[in-house]
Amino acid sequence: MADIRQATIFDIPAIQACDLLCFPEEDPWDYYLYEENIVFWPRLVYVAEDHGTGCVVGFVFAEMEGEGTETHGYIADLGVLPTHRKSGIAKKLMDAAHNALVQEYDSEYVSLHVLKSNQDAINLYSEKLGYNYEIAANFYENGEDAYVMQKQLQEKQTDILGTHSTDGGSRHKSSVVDLLCQA
């Protein structure tokens, strides 16, 4: 089980470590990019904490794109530790981001990009979350194709977050290894 809550800047080291374990073949985000997203989109960045240990086991970064009346939600990054995949955490994180996009920004739809070769992610987004998609040729720097995925968002929903941290973030000052709690 995992609890979903809004991320804070104190979570950045654990998110970075989680990102490295989720995507070892990719270049990780720079610390300041994580910080920028949390500062600019505080209601759109969430972490999943293992219910038993309190360790960060997943994250989602959403944001708004476009200008004026032509804005929509965008999922910039989603990751769940390999040891915690296929347990519903990614869906919970995405549901929290979708809800916040509607509640806070009245977003009518959300989009994202995923590697054409990442079948697990494609299945999650299309089968479990209801995204539609089309191909974007040579989207990534390495020349690999991507799917541009999009989902129409529902009307405003009730808050779906799990237990919120009440410790003021103090628990997040321990080492990254402690936060990840790889067992």
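**Exercise 1. Place Ala-97 in this predicted model and work out what surrounds it.**

Solution. Start with the secondary structure: Ala-97 sits in helix α3, which spans residues 89-105. The model is a predicted one, so keep that in mind throughout.

Next, is Ala-97 buried or exposed? Its relative accessibility comes out at 0%, so Ala-97 counts as buried; the cut-off for that label is under 20%.

Now look for its partners. Skip the neighbours within four places in sequence, and Ala-97 touches Leu-44, Tyr-46, Val-60, Ala-62 and Ile-75. Take Leu-44 from that list: 53 residues separate it from Ala-97 along the chain, yet their C-alpha atoms are 5.6 Å apart.

**Exercise 2. Find the patch of negative charge and describe the setting of Glu-141.**

Solution. First, which residues form the patch of negative charge? On the surface, Glu-25, Glu-26, Asp-27 and Glu-141 come together.

Then pick out Glu-141. It lies in the loop that links β6 (132-136) to β7 (146-152). With 87% relative accessibility, Glu-141 counts as exposed, because that label needs over 50%.

**Exercise 3. Sketch the whole chain.**

Solution. Count elements to begin with: there are five helices and seven strands. Walk along the sequence and you get β-α-α-β-β-β-α-β-α-β-β-α.

How much of the chain is buried? Of the 183 residues, 44% are.

On to contacts: take those with a separation of 6 or more, and 62% of them join residues 24 or more positions apart. Finally, the surface: the chain exposes about 10,000 Å², with carbon and sulfur atoms supplying 49% of that area.

Technical notes
Residues are numbered from 1 along each chain as its sequence is written. This is a predicted model: local features need pLDDT of at least 70, side-chain atom pairs count only at pLDDT 80 or more; totals for chains, interfaces and linings use all residues. Side-chain values use heavy atoms; hydrogens and water are left out. Patches are made of residues with over 30% relative accessible area and no salt bridge: like charges are joined within 9 Å, nonpolar side chains (Val, Leu, Ile, Met, Phe, Trp, Tyr) within 5 Å. Accessible areas come from the Shrake-Rupley method with a 1.4 Å probe; for residues, only the protein chains shown count as cover. A salt bridge is a side-chain nitrogen of Lys or Arg within 4 Å of a carboxyl oxygen of Asp or Glu. Lys and Arg count as positive and Asp and Glu as negative; His and the chain ends are not counted. The place of a charge is taken as NZ of Lys, CZ of Arg, CG of Asp or CD of Glu. Helices (H or I, at least four residues) and strands (E, at least two) are DSSP runs, numbered from the N terminus. Buried means under 20% relative accessible area, exposed over 50%, partly exposed in between (1.4 Å probe, protein chains only). Contact means heavy atoms within 4.5 Å.
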